[in-house]
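These are my notebook entries on a structure that I had not examined before. I set down what I looked up, in the order in which I looked.

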Amino acid sequence: MRHALFNANTYTIRSCVGKSDGAYSNLDICALGQCTRKVLAADCTLAVLSEPEWTVVYSSDRLHPLYDMIYKVGNIFYAFQISVGGSHDAKQTRLSSGLELAQKGRN
């Protein structure tokens, strides 16, 4: 996936909501990629705030609880969770608190 983010790609995406939420079934198309560099960091959420746009930040902790990688373009953050199952604890509340932290860091 890190390699793919250095090229322009089109993906099918869905909102970050639980399966019981009506928006879960709404799929959308999103063009992602064209990143220019990558950075390994212990805390992706904090690191992405200080990195330039189009920098893929991925965690040195393979059990990072929120997502596997993130980058930003302007005020939009693109976060990806590629691994699933017991290796992550990416519950909605944890994702929301991580995004709130990112927003606070931008202000």
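**Entry 1: the side chain of lysine 72.** I began with a single contact: a polar atom of the side chain of lysine 72 lies 2.9 Å from the backbone oxygen of leucine 49. I note at the outset that the model is a predicted one, and that the distance is computed from it. I then looked up where lysine 72 sits, and found it in strand S5.

I next asked which side chain of opposite charge is nearest to lysine 72, and how far away it is. It is glutamate 53, at 7.1 Å. A salt bridge requires a side-chain nitrogen of Lys or Arg within 4 Å of a carboxyl oxygen of Asp or Glu. Lysine 72 has no salt bridge, although it is buried.

**Entry 2: the neighbour of S5.** I followed S5 to strand S4. S4 covers residues 55–59 and S5 covers residues 69–73; the two run antiparallel and are joined by two bridges. In one pair that I looked up, valine 57 has isoleucine 70 in S5 as its bridge partner.

**Entry 3: the surroundings of S4.** I asked how many residues of S4 are buried. The count is five of five, and the strand is mostly covered. I recorded the directions of the side chains as well: Thr55, Val57 and Ser59 point one way, while Val56 and Tyr58 point the other way. In a regular strand, side chains alternate between the two faces of the sheet.

**Entry 4: from S4 to S3.** S4 is also joined to S3, by five bridges, and these two strands run parallel. Valine 57 appears again here, since valine 39 stands opposite it. I looked up what connects the two strands: S3, helix H1 (residues 44–50) and S4 form a β-α-β unit, which is right-handed. Leucine 49, whose backbone oxygen opened these notes, falls within the residue range of H1.

**Entry 5: the sheet.** I then placed these strands in their sheet. It is open, has four strands in the order S3-S4-S5-S6, and its pairing is mixed. Strand S3 (37–41) and strand S6 (76–80) are the edges, each pairing on one side only. From one strand to the next, the twist averages 25°.

**Entry 6: the whole protein.** Last, I looked up the overall composition. The protein has six strands and two helices, and from the N terminus the elements follow the order β-β-β-α-β-β-β-α. Of its 107 residues, 29% are buried; lysine 72 is one of the buried residues.

Terms used: Residues numbered from 1 in each chain as written. Predicted model: local features only at pLDDT ≥ 70, side-chain atom pairs only at ≥ 80, totals over all residues. Heavy atoms only, no water. Pairing = 2+ DSSP bridges. Axes fitted to C-alpha atoms, helices over the stretch in contact; angles between N-to-C directions. Buried < 20%, exposed > 50% of the residue type's maximum accessible area, 1.4 Å probe, protein only. Lys, Arg positive; Asp, Glu negative; His and termini not counted. Polar contact = N/O pair within 3.5 Å; in protein donor to acceptor, adjacent residues only side chain to side chain. Right-handed = clockwise from strand over helix to strand, strands pointing away.
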